[in-house]
Amino acid sequence: MRKFVWVIATAALLFSGCKGQKKLTHYDEVYKERPQTIYIAPLVDHSLRHPMRTLDDSLYNASLNTATKHLFLTASDPLILKGYYALGPLASAQLAATETRTGKQLRNDNINDYYDQLGIDAVLFITLHSWNEGGNPWAAEIEYALRSTRTGNEVMHVFVKASKQLWTDFKGNPKPLGEDIAFAEKYGCDLETAQRCRLVELVNMYVLRDIPSGSRSRGAGIERYTVSHPEYFNLNINPNGGVELLKTNEN
């Protein structure tokens, strides 16, 4: 985690020298709505799996499944750090089990009942669009949308193309960092899965810690005049753990 914090700080430093929108402008809808309690809806996974023909196919699919779960499980932490009341993974899963509407309906239909009956101010939707096939770099495309339960407005939208690359040995094989090995040992997973999990955890931290501070945070007064990241961007983690942030031309 200390490595992740350093990486995020590095990314913020790199981007602070670039021209971009101030948070007060970029997140104007968030400042108007001032959500306090956020529910993380079930993750939508559009990434493709391999047909189950060989053991490698099974291992690849299992790696993606684990990393996708990790993307959902680590989304609440940065929101809490930003001063929001965010439902944890277990509470979110329990709430999702009682929901009769589809994910599409939650994104588009009236969801005032979340506010009126449960006191939830906004729903966070995370969509995993794709993974690369494996190897080096590891890459994913992830989309975030925050929707107000009071007005139904989409108050935040971010689309990230993220990648994580390692140095390679003379045979071209990736050389994992110490943090990658420690993660794999802690969670009992292979190194490829560790790379994917650490990638999505970092993306969660970077995207969700950029939004304006919640009511429990002390940083709300100053940060509104700092530069936010773009709505569409590439997040590249280099072999040294530093971050390169590049704005894309998508609309």
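In strand β4, the bridge partner of Y39 is V123. This pairing belongs to a predicted model, and it is one place where strands β1 and β4 meet. The two strands pair in the parallel sense, over 3 bridges. Strand β1 covers residues 37–40, and β4 covers residues 122–131.

Strand β1 also pairs on another strand. Its partner there is β3, residues 85–86, which runs parallel to β1 and is joined to it by 2 bridges. Within that pairing, I38 has A86 in β3 as its bridge partner.

Which residues of β1 point one way, and which the other? T37 and Y39 point one way, while I38 and I40 point the other way. All four are buried. In general, the side chains of a regular strand alternate between the two faces of the sheet.

Just ahead of this strand in the text of the chain is a loop, between α3 (28–33) and β1, that holds R34. R34 is not a glycine, yet R34 has a positive phi of about 50°. Its relative accessible area is 35%, so R34 counts as partly exposed.

**Around A122**

A122 has its place in strand β4. Is A122 buried or exposed? A122 is buried, because its relative accessible area is 1%, and the cut-off for buried is under 20%. Leaving aside residues up to four places away in sequence, A122 touches P35, T37, I38, Y39, L146, R147, S148 and T149. Among these contacts, T37, I38 and Y39 are residues of strand β1. Q94 is 28 residues from A122 along the chain, and the C-alpha atoms of the two are separated by 17 Å.

Another contact involves a charge and a ring. R107 lies over the face of F125, at 5.1 Å from the ring centre.

**Aromatic pairs**

How many aromatic pairs does a search of the whole structure find? The search finds 4. Two of them are set out here.

| Pair | Centre to centre | Angle between planes | Kind |
|---|---|---|---|
| F159 and Y232 | 6.2 Å | 35° | tilted |
| Y206 and F233 | 5.9 Å | 70° | edge-to-face |

F159 lies in strand β6 (residues 154–164) and Y232 in strand β7 (residues 232–237), so this pair ties together parts that are 73 residues apart in sequence. Both F159 and Y232 are buried.

In the pair of Y206 and F233, which is edge-to-face, Y206 lies in helix α10 (residues 191–208) and F233 in strand β7, so the parts tied together are 27 residues apart in sequence. Y206 and F233 are buried as well.

**Strands β7 and β8**

F233 also has a place in a strand pairing, where it stands opposite K247 in β8. Strand β8 covers residues 243–247, and 5 bridges join it to β7 in an antiparallel run. The hairpin of β7 and β8 has 5 residues between the strands. In this hairpin, G241 takes a positive phi near 95°.

**Helix α9**

Helix α9 covers residues 178–187, and its buried residues include D180, F183 and A184. Why are these placed on the same side of α9? They cover an arc of only 95° around the axis, which puts them on the same side of the helix. In general, an α-helix has 3.6 residues a turn, so residues three or four places apart point the same way. On the other side of α9, G178, E185 and K186 are exposed.

What covers the buried residues of α9 includes α4 (55–73), β6 and α10. Two of these also appear among the aromatic pairs: β6 holds F159, and α10 holds Y206. Just after α9 comes G188, with a positive phi of about 65°.

**Cysteines**

How many disulfides does a search of the whole structure find? The search finds 0. C189 is in no disulfide, and the nearest cysteine sulfur is that of C197, 5.6 Å away. For C197, also in no disulfide, the nearest cysteine sulfur is that of C189. The sulfur atoms of a disulfide must lie within 2.5 Å, so the 5.6 Å between C189 and C197 does not qualify. C197 is buried, because its relative accessible area is 3%.

Technical notes. Residues are numbered from 1 along each chain as its sequence is written. This is a predicted model: local features need pLDDT of at least 70, side-chain atom pairs count only at pLDDT 80 or more; totals for chains, interfaces and linings use all residues. Side-chain values use heavy atoms; hydrogens and water are left out. Buried means under 20% relative accessible area, exposed over 50%, partly exposed in between (1.4 Å probe, protein chains only). Contact means heavy atoms within 4.5 Å. Two strands pair if DSSP finds at least two bridges between them. Rings of Phe, Tyr and Trp (its six-membered ring) pair if their centres lie within 6.5 Å; planes under 30 degrees apart count as stacked, over 60 as edge-to-face and the rest as tilted. A charge sits over a ring if NZ of Lys or CZ of Arg is within 6 Å of the ring centre and within 35 degrees of the ring normal. The arc is that of the directions from the helix axis to the C-beta atoms.
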